[in-house]
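Please look through the sequence and the model shown here before reading on. The questions and answers that follow take up a few of its parts in turn.

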Amino acid sequence: MAAKKTTAVTSESGATLRDSFDRELFKRSVLYNIKTLYRKTLEEASPQQIFQAVSYAIKDQVVDMWLETQKQYEKKDPKTVYYLSMEFLMGRAMGNMMINMKAYKDVDAALKELGLDLNVIEDQEPDAALGNGGLGRLAACFLDSLATLGYAAYGCGIRYRYGMFKQKIRDGYQVEVPDNWLENGNPFELRRPEYAKEVRFGGYVNVRTDENGRNNYYQEGYQAVKAVPYDLPIVGYGNGIVNTLRIWDAEPIDIFRLDSFDKGDYQKAVEQENLARNIVEVLYPNDNHYAGKELRLKQQYFFISASVQEAVQKYMRNHKDVRGFYEKVTFQLNDTHPTVAIAELMRILMDEYYLTWDEAWEVTTKTCAYTNHTIMSEALEKWPIELFSRLLPRIYQIIEEINRRFILDIERNYPGDQEKIRKMAIIYDGQVKMAHLAICAGYSVNGVARLHTEILKKQELKDFYQMFPEKFNNKTNGITQRRFLLHGNPLLADWVTAHIGDDWITDLSKIKKLAVYADDEKAQQEFMNIKYQNKIRLAEYIKVHNGIEVDPRSIFDVQVKRLHEYKRQLLNILHVMYLYNELKEHPDKEFFPRTFIFGAKAAAGYMNAKLTIKLINSVADVVNNDPAINGKIKVVFIEDYRVSNAEIIFAASDVSEQISTASKEASGTGNMKFMLNGALTIGTMDGANVEIVEEVGEENAFIFGLSSDEVIQFENYGGYNPMDIFNSDPDIRKVLMQLINGSFAPQDPDLFRPLYNSLLNTQNTAKADTYFILKDFKAYAEAQKKVEEAYKDEKRWARSAILNTACSGKFTSDRTIKEYVDEIWHLDKVNLKKK
């Protein structure tokens, strides 16, 4: 039975702040908030207090739209998407809200009349520490697009107290410190204790047979925490729609027990408090040990159980039969972290609503859809049976039964093929395999770039694709132009609007109209002058935060992204070392000045990634302070890379480094942000780079290196020994020797030996240079020479830069969401009449 189509909602009033903006009222609201919140006048208030007061004034307007939106949703009863994700990398909320309310310039003018600077006020807001990398930023873009397109949606996640961590660089090393983003409170959130849920861990399952002979299952002897939701508004652009990001905080079920404390049993008295606090303390606790693994699984089940409980209860408040749940609700699992939602929904349907297994399975398999975000097999989550069954006993029972039935299906399809069972079973070799559960129970399995999806079908998930070809589809990721151009690069946004109108803000395909200006000399000069102004802005940021002076007339060559060996920041910095050697050996060599800018967080337990950060900073210390090269190379590592400084970086970049090992990057949404802002790509044919190059043309990018097929061939059949390159190429050999001869670590020459060993591993060549850095090095160096030559031709570069912006239309999250709506969720957009 096909899911019913549903409606997208536009507020009947169509109200936005701009429609009813009263400058005097807004100013009075700000002053009133300062007085009532802090008992101060404007002159006495601190910048943080002024930020809070302005935020509450904006929130007053947002809440009116929020109430109206929910009223319309209740009236129309549209199908709702619950986007379940461990991460939502939202960035700052204030500016984005004002942009989407079409009120940014009005608020700016009102604040100027009060003698206030909106930029200074925005800088008081910490980035919400709810995510880390592309996975979380994609989720944030999707929520923005869902609201802008008018679809009912909830984002569901965790209200982390300290996020992943705030990155400090001390003596060149990454140091992780708590990111206390809630220190001053979050003015935009609403605590919703009326929707609190109990989440249970541990204990055992008791089975009781009722008078009808049915077995009923009860979890007993468990520990419990209370999940309390905090709602954040997600404002659609100019349409009055406000959706909700619901993040769950954990509180103890039993408050502090004085009797236990008085008896001296302090540990018992605070046990509940500690259980709750630990669950929401940090994003991705280090799972190099058992306790870390247990905490991660607790986090996942905590927010999933609370979200699924509330989704079912919300549905049942307006419907009589839970069997129709899937007609009004769909769960999108953002990677494997939320996959436990499948078993939790089964548990609720069977144990609380008394559906049979087959009835519950039909509802569940028509409700849950899965997005795969990784080609790396080691990143497909697997849990030890012992841990999983002890922590989630009822959930494990359900997964065991799903697995038993799934194996029977495999045997029917492939009689006698034990290898298929080994590769596909959900429970095997003492592990619970979450991706296998998601594919078995999900009605859709999508990759996030065309190449990524093809690799999943042909390699990592080949057996599942053969059994369920109808489930697999591709949804190439996208970004929101409202955050990363309209807000992040106002100079360029205004220029684009002046040339082609403002339709691009909600329909990025219209930006293609800029292509006619690519050969216009006046347009080229204007475009490159905007780039120069943005480079000055970034240079000032670098001067303040790094103490390094960089030349905005140099090439800004930028690699900002999560640090992982497959993303090959190491290739980039080794090439910088190579260029530095060239300049030292040939001081008169013609060389266009280059500023290499890095930004990345490494997972706290990822030693080689953290050592790469130290190497980048050690190279920077040497290169930036060597008068012999006359400032021709500068190296900058931007501390604590996040959404708010990313906006400044994307706007200023000339070259976007997208140099992952081909076949390893699922998508790469960062490059879409660079492209939108007029940067040219240097990269491999990996992830979304393939589609980006298709759109802009290979002549407007710098492509190098092994193809994904060649990488996979080497991985499967061997034939590559990096020592051959080391022996035959003196330039590469010199660079590698500098890792172990003290050139960049005179106090500890062996400091970077682990990186050297990762590339050459003389003990086991099969594990040497697994990401083909040396194999691609010379091709990368050649591509970098082409970058320099192209940049020296100002008109050619300006033309390519304009075309990159003009050809970015495909890569909006609005387009991605429309594809999800049409091809997976089966929603139907209907605009309601405005009053």
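Q: In this predicted model, over how many bridges do β3 and strand β11 pair?
A: Strand β11 covers residues 242–252, and β3 runs parallel to it. Within this pairing, Gly157 has Ile247 in β11 as its bridge partner. The number of bridges over which β3 and β11 pair is 5.

Q: Which residue of β3 is the bridge partner of Val81?
A: Strand β2, made of residues 80–84, is joined to β3 by 4 bridges, and the two run parallel. In β3, the partner of Val81 across such a bridge is Ala153.

Q: Which residues of β3 point the other way from Ala153, Gly155 and Gly157?
A: In a regular strand the side chains alternate between the two faces of the sheet. Strand β3 spans residues 153–158, and 6 of its 6 residues are buried, so that the strand is mostly covered. Ala153, Gly155 and Gly157 point one way, and the residues that point the other way, buried as well, are Tyr154, Cys156 and Ile158.

Q: How far from Cys156 is the nearest cysteine sulfur?
A: The structure holds 0 disulfides. Cys156 is accordingly in no disulfide, and its nearest cysteine sulfur is that of Cys368. Cys156 is also buried, with a relative accessible area of 2%. The distance from Cys156 to the sulfur of Cys368 is 12 Å.

Q: Which cysteine holds the sulfur closest to that of Cys368?
A: Cys368 counts as buried, its relative accessibility being 0%. Its sulfur lies 11 Å from the closest cysteine sulfur, which is too far for a bond, and the residue holding that closest sulfur is Cys440.

Q: Why is one side of β14 and of β15 left without a neighbour in the sheet?
A: These strands belong to an open sheet of 3 strands with antiparallel pairing, in the order β14-β16-β15. Because β14 (382–384) and β15 (427–428) stand at the edges, one side of each has no neighbour in the sheet, and what each has is a single partner strand.

Q: Which residue of β16 is the bridge partner of Trp383?
A: Strand β16, residues 431–433, runs antiparallel to β14 and is joined to it by 3 bridges. The partner of Trp383 in β16 is Val432.

Q: What angle does the direction of helix α16 make with that of β16?
A: Helix α16 comprises residues 434–441, and 8 of its 8 residues are buried, so the helix is largely enclosed by the rest of the structure. Among these buried residues are Met434, His436, Leu437 and Cys440. The helix packs on the sheet, where it touches β14 and β16, and the angle between its direction and that of β16 is about 45°.

Q: Which element supplies the largest share of the lining of the second largest pocket?
A: The second largest pocket has a volume of about 1,400 Å³. Of the 46 residues that line it, the closest to its centre are Tyr104, Asn119, Glu122, His487 and Pro490. Several elements each supply at least two residues of this lining, including α4 (104–113), α5 (118–122) and α20 (490–500). The largest share of the lining, 8 residues, comes from α21.

Q: Which residue of β24 stands opposite Ile682?
A: An open sheet of 6 strands, with parallel pairing, has the order β21-β20-β19-β22-β23-β24. Its edge strands, which pair on one side only, are β21 (633–637) and β24 (702–703). Strand β23, residues 680–683, pairs with β24 in the parallel sense over 2 bridges. Opposite Ile682, in β24, stands Phe702.

Note on methods
Residues numbered from 1 in each chain as written. Predicted model: local features only at pLDDT ≥ 70, side-chain atom pairs only at ≥ 80, totals over all residues. Heavy atoms only, no water. Pairing = 2+ DSSP bridges. Contact = heavy atoms within 4.5 Å. Axes fitted to C-alpha atoms, helices over the stretch in contact; angles between N-to-C directions. Buried < 20%, exposed > 50% of the residue type's maximum accessible area, 1.4 Å probe, protein only. Disulfide = S-S within 2.5 Å. 1 Å grid on protein atoms, 1.4 Å probe; cavity = no way out; pocket = protein on both sides within 12 Å on 5 of 7 lines; lining within 4 Å. Points joined across faces, edges and corners; volume = space filled by probe spheres on them.
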